[in-house]
Amino acid sequence: MTTNRSLIVDTYPTTERFIVVLGASAGGLEAIHDFFDHMPANTGFTFVVIQHLSPDHKSLLVELVGKHTHMKVMEAVNGTLLEKNCVYIIPSKKMMTIRHRKLRLEDKIKDRSPNTAIDTFLVTLANDVKDKAIAIILSGTGTDGSKGIEAIKQRGGLVIVQDPATAKFDAMPRSAIESGNTDFVLAPSKMKAEIYNYVKQLSMSGLEKELDNDEHLNEIFHLVSQKTGHDFNLYKTPTILRRIARRIAVVEVPDLPGYLTYIKSNPDESSMLSKEFLIGVTKFFRDQAAFDEVRNHIIPEIIRSKNDGETIKIWVCACSTGEEAYSLAINFHEQILVSGKDLDLKVFATDLDEGSIKIASKNHYPATAVRDINAGTLQKYFTKNSDGTFSINQDIRKKVVFAAHNVIKSPPFIKNDMISCRNMLIYMNAVLQQKVLSTFHYSLCPSGFLFLGQSENASSLKDGLVEISNKFKLYQRNGNIKYELPKGHTTSSLTPQARPGTPVKETQVQNTFEQELLRLLTGRLAYVGVFIDKNFTIRETLGDFTKYLSLPQKRLELNLLNMVSREVSILLSTTVRKSWKDNEIKSFTGINDDQDADGK
């Protein structure tokens, strides 16, 4: 039916150029009609429809959609500059991308691989218009769109998925929902309202004023920490504020105080906000020029420093869904083969987000994730699965170990030849950046390398790191530095100093005393503290724990009992469990003080 559209006269006047993309496959036509029946003709938005079309028949989609909207509906043409209040339909037998708001079309390759037209367009749209992109996934079979909406979320856009209960074919909507990158699950007729709310409230002005008076932010971060265990209190950067602004727009509250009230009455929102903070931007061989620099200059130098039988250790911190860890593993593997040396390779890849770690460990990537990899590398190191996804070959996969890990609180991985941590520091304030950089310095072997993102630098540690390449953000450890807490890993020492003119509260004096006592215990007296949970997993450490603990050789985990000798493990397990049972302090003696971390 088309009569409803004539009754809708409201509009959202905007000078912004938002692009709304509808992706659909089997059964999607009815959903597309329902959507446009409820969408006014003068919104100021641009609409693009990506429908899986039969290559054997002429598409009638332009005529059919035109019956359900007063907007101009046209088939997309290569080079077209998108205009507002228009609907563009992908032609059959074509793949479509966008750059500078101009459509780019090319012939679709005739093969039996799954159709990825939606993913392909959404990924380029995210890069082109960022948070002005709105993706809608409708009825269809397969998984097309799931990778594309991940890109939309990474760039700050909005994702709406058709309620599977209203879809003729629910595979595409369910795949999108299961990806965890969905803001709303709605019937097509209900989507207009959420699009309007998102556009109306996408503003940073209110949050920018909160930077100097961040009482509400502190409380929001506290609630997130209580719910998820992740402390973002030192992450107050414009990037993080934009993520908060997105959630404010999504849940339809007017400002930060309103959002705080919403979180308190909707506990699940804390988890949603935490996930928003942890969205990673990654791809295989991301920033190819930087990877070339690492492959051609850094890796050969590391290999030259090794003797036959030794191990190269790499730590990829904030690895997201694993693409960068696998990329580095491939580059190191190839250069080791070229060298002719008998070297082992271990890549430890960690991230705060357990969901990302599960995806990385699963090792199944959509076709859109590997499309920029050169054909030789793709053929040599990847296997195409029956469902159209791609997996890293086992000879590379077995060299990479993934683990959930908090670089701020958890013990680091030590004696690394290289650490890669790209585009994590940009989310942190200066205090936390220095803390993390100090951890990296401590974790590198004496001549190890640090690889950062294009918008980051290690200037705060200039006494301990020499810059190898400013363009590609490569650094090499060249000396020791004075750690704020000697080889300790706790955030208690990172309380920012009071601003000039700010009265010093009694609690601040007490904190200073506690910090000095902590320095005395862990520094001069060499005390070591380890905080564990009920599963003996280490959550935080104080002091130089490396004399007593070492990483397991086979499986990467932070279980205290697996990081000491068997003799100590048995004593620890028995004593700690007895302490828990009796609810009192227990101790044991008789352990050789000279025993090193490997139990020798």
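This report covers the parallel sheet, a residue beside its edge strand, and the nonpolar cores of a predicted model.

## Basis

Residues are numbered from 1 along each chain as its sequence is written, and side-chain values use heavy atoms, without hydrogens or water. Local features need pLDDT of at least 70 and side-chain atom pairs pLDDT 80 or more, while totals for chains, interfaces and linings use all residues.

## Sheet

Seven strands form an open sheet with parallel pairing, in the order β3-β4-β2-β1-β7-β8-β9. Strands are DSSP runs of E of at least two residues, helices runs of H or I of at least four, numbered from the N terminus; two strands pair if DSSP finds at least two bridges between them. β3 (72–75) and β9 each have a single partner strand, so one side of each lacks a neighbour in the sheet. The average twist from one strand to the next is 20°.

β8 (residues 158–162) and β9 run parallel and are joined by 3 bridges. Q162 has L186 in β9 as its bridge partner.

## N181

The loop between α5 (171–178) and β9 (184–186) contains N181. N181 counts as buried (under 20% relative accessible area, 1.4 Å probe, protein chains only) because its relative accessibility is 11%. Beyond four places in sequence, its contacts (heavy atoms within 4.5 Å) are I149, E150, K153, V159 and A176.

## Cores

The largest nonpolar core (buried Ala, Val, Leu, Ile, Met, Phe, Trp, Tyr and Cys joined through side-chain atoms within 4.5 Å) has 53 residues, of which F35, F36, F47, I195 and I244 touch the most other members. Helix α9 (residues 238–251) contributes the most, 7 residues. A separate second core of 42 residues includes I299, F332, I336 and A349.

Definitions and conventions: Buried means under 20% relative accessible area, exposed over 50%, partly exposed in between (1.4 Å probe, protein chains only). Axes are lines fitted to C-alpha atoms, for helices over the stretch in contact, and angles run from 0 to 180 degrees between N-to-C directions.
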